[in-house]
Structure formats: structure tokens, C-alpha cells
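Please read the following report alongside the sequence and the coordinates. It covers a pocket, a helix and two backbone angles, in that order.

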Amino acid sequence: MRKLLATGAIALAALATGAVAIAAGTTEPPPQRKWHFQGPFGTYDRAAAQRGYQVYHDVCAACHSLQLLAYRNLMELGLTENQVKDLIKDITVPDLNDDGQPIDRPARLSDRFKKPFPNQAAAAAANNGKAPPDLSVIVKARADGPNYLHGLLTGYVPYDKLTPEQIKEFAVTKDDNFNKYFPGHKIAMAPPLADDKVAYTDGTKSTLDQQSSDVVEFLAWASEPHMEDRKRTGVRVVLFLLALAGFMYAVKRMVWSDKH
Ligand code: HEC
């Protein structure tokens, strides 16, 4: 028993130092923002998520896949079938024709989002050896996902704005991309967004900050499209349990009323 306890204590200590080692890394935590989808009653901001799809489509889709989504899923963002068909009218996807020959055909609602590269190796080869990760669940896959992603997209520091200490400590060259929030700072992705990079059609000002928060809203939805249902069910269950508790209390009082 004592041996078991000692092993447990050692394991706990190892875990604790591991956690401290990660926390003491060189990157600062990203700024904390308020997100529409936070909290027990939070919902996705449909307009922001629709703009976020545009950011993904116009910019990120050149490198990042979003394999868990099909085009029809975009209807869950408040778009009609015809609006989604209009959005995807210029997208072609690889398929085989009746003779088994590879062809490109127009995308259908039932198609999964088109992949920018045929496989990981091709993706890595086109990006200096680092394959861009699939973004389907990236918001869930990173600690403090929404804030981290927003920080990542807005946190690039140009070479001439770096301090000599930073250049030395992280061995940064003019060809590297330095990001304040990426672990290790040097990231193979060049800054993908900038002011006016995406032409919004709803009158929203297309700043770097706005594009970043819009694409995070979209990717947060992509990584948990049923969050709103889950929260709604949660609220109903709590209300039901409260009502049940009240009812049970009344029953208890009734049953025991003449016993004391
Ligand atoms: C030109 C190609 C390219 C474009 C365009 C691009 N990325 Fe990337 N992205 C990459 C590469 C390459 C990596 C891998 C970086 C690494 O591991 O050093 C990456 C990594 C990432 C990561 C993972 C970071 C981490 O913590 O591991 C996220 C999130 C991301 N990109 C989001 C986006 C978003 C959102 C957009 C669109 C606004 C976008 N990217 C546009 C190439 C691109």
C-alpha cells in the first residue's frame, strides 16, 4: 500500500512539474475576448459566422482542409439552400466519370469541403515541409481555442519590429514568420490576413481584427455545430429537475404531514 502511495505521489509530482514546464513556456497567453458563443446561453453569431465562411473560402481554403464539413452544413448558419448553392457555384471537386477517368465536376450540397491538397505529403511539400492542419476541430484542439486562434491570426510581428534579444533567442531570420502566440514563435504559415484582404458584402469594415474574429466564429461553429442544442437541452433538464425537486418536496410534506 505504501509503495502504491509513493508511486502515486511521484506520478502526481511529475504531472505537476510537467504542467509548470508548459505554463512557463516562452509564449504569452492570448488576449481574452468576449465571444458570442460563450456561457450557458451563448449562441453563434450567424452573420459573423457567414462572414467567417467567406474568410475561410477566400483565404484559408487555399491551404487548409475542413474535412468534417459538407457544403449542405452551411444551411445551419441560417443560409437557404439556394444561397448555399450560389456560394458554391464556382467550386469544382475531383470525381470519376462513367469510364472511371478522373474529372473535375461542380460541387454539390452533399459534397464534403474540397481539400486543397490530395494528401499530407503534397500539403507539406507545398508549405516548406509543414502540412497545414485540418481546421474542422482546431478550435477544440487548442487550449483556450477561440482566443488562441484570434491571437495567432493577429499576433504576427514583422522582422524589423523584433528586439535583438528576440532575434537571438529564437534564431529568427528575415525569412521566418514570428508569431507572439505560436509555441516557439516561428510558424510556417505566413500572415494569412490583413486589413481589406476579404471584400465583405454586408457593409462590415474588413479589418484584420474583424476578419480574424469572424473566421474564429465560423471555425468554432464548425468544431461544435450542435452546441446550441446541447445548451438548450441542458437548460431544459435543469428546469425539469427544479420542478421535480419542488414536486417531491410537496409530496414528502404531504406524506409525512400527520406523522409529527
Ligand atoms: C499559404 C498557406 C496557408 C494559408 C493561406 C493559411 N494557412 Fe494556416 N497554416 C499553414 C501552415 C503551413 C501551417 C503549419 C504551421 C506550422 O506548424 O509551423 C498552418 C497552421 C495553422 C494553424 C495551426 C496553428 C497551431 O497552433 O498549430 C491554424 C489555426 C491556422 N493555420 C489557421 C489558418 C486560418 C484561420 C487561415 C485563414 C485565415 C489560414 N490558416 C491560412 C498554411 C496556411
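## Pocket, helix and backbone

This is a predicted model, in which local features need pLDDT of at least 70 and side-chain atom pairs count only at pLDDT 80 or more, whereas totals for chains, interfaces and linings use all residues. Residues are numbered from 1 along each chain as its sequence is written, and side-chain values use heavy atoms, with hydrogens and water left out.

The largest pocket holds about 650 Å³ of space. A pocket here is an open set of points on a 1 Å grid over the protein atoms alone, where a 1.4 Å probe fits and protein lies on both sides within 12 Å along at least five of seven lines; lining residues have an atom within 4 Å of a point. The volume is the space filled by probe spheres set on the points, which are joined across faces, edges and corners. Of the 27 lining residues, H64, P132, P133, I187 and M189 lie nearest the centre of the pocket. The lining divides into 23 nonpolar, two polar and two charged residues, where Ala, Val, Leu, Ile, Met, Phe, Trp, Tyr, Cys and Pro count as nonpolar, Asp, Glu, Lys and Arg as charged, and the others, Gly among them, as polar. Helices α6 and α8 each supply at least two residues of this lining, and the largest share, four residues, comes from α6.

Helices (H or I, at least four residues) and strands (E, at least two) are DSSP runs numbered from the N terminus. Helix α8 comprises the 16 residues 208-223, and because the expected span is 1.5 Å times one less than the number of residues, it should span 22 Å, which agrees with the 22 Å between its end C-alpha atoms. Of the 16 residues of α8, 13 are buried, that is, under 20% relative accessible area with a 1.4 Å probe and protein chains only, exposed being over 50% and partly exposed in between. S223, which lies in α8, is buried at 12% relative accessible area. Beyond its neighbours within four places in sequence, S223 is in contact (heavy atoms within 4.5 Å) with S136, V137, V139 and K140.

Most residues other than glycine have a negative phi. Two non-glycine residues with positive phi are set out below.

| Residue | Phi | Loop between | Relative accessibility |
|---|---|---|---|
| D144 | near 55° | α5 (138-141) and α6 (145-154) | 35%, partly exposed |
| H185 | about 70° | β4 (177-179) and β5 (186-187) | 5%, buried |
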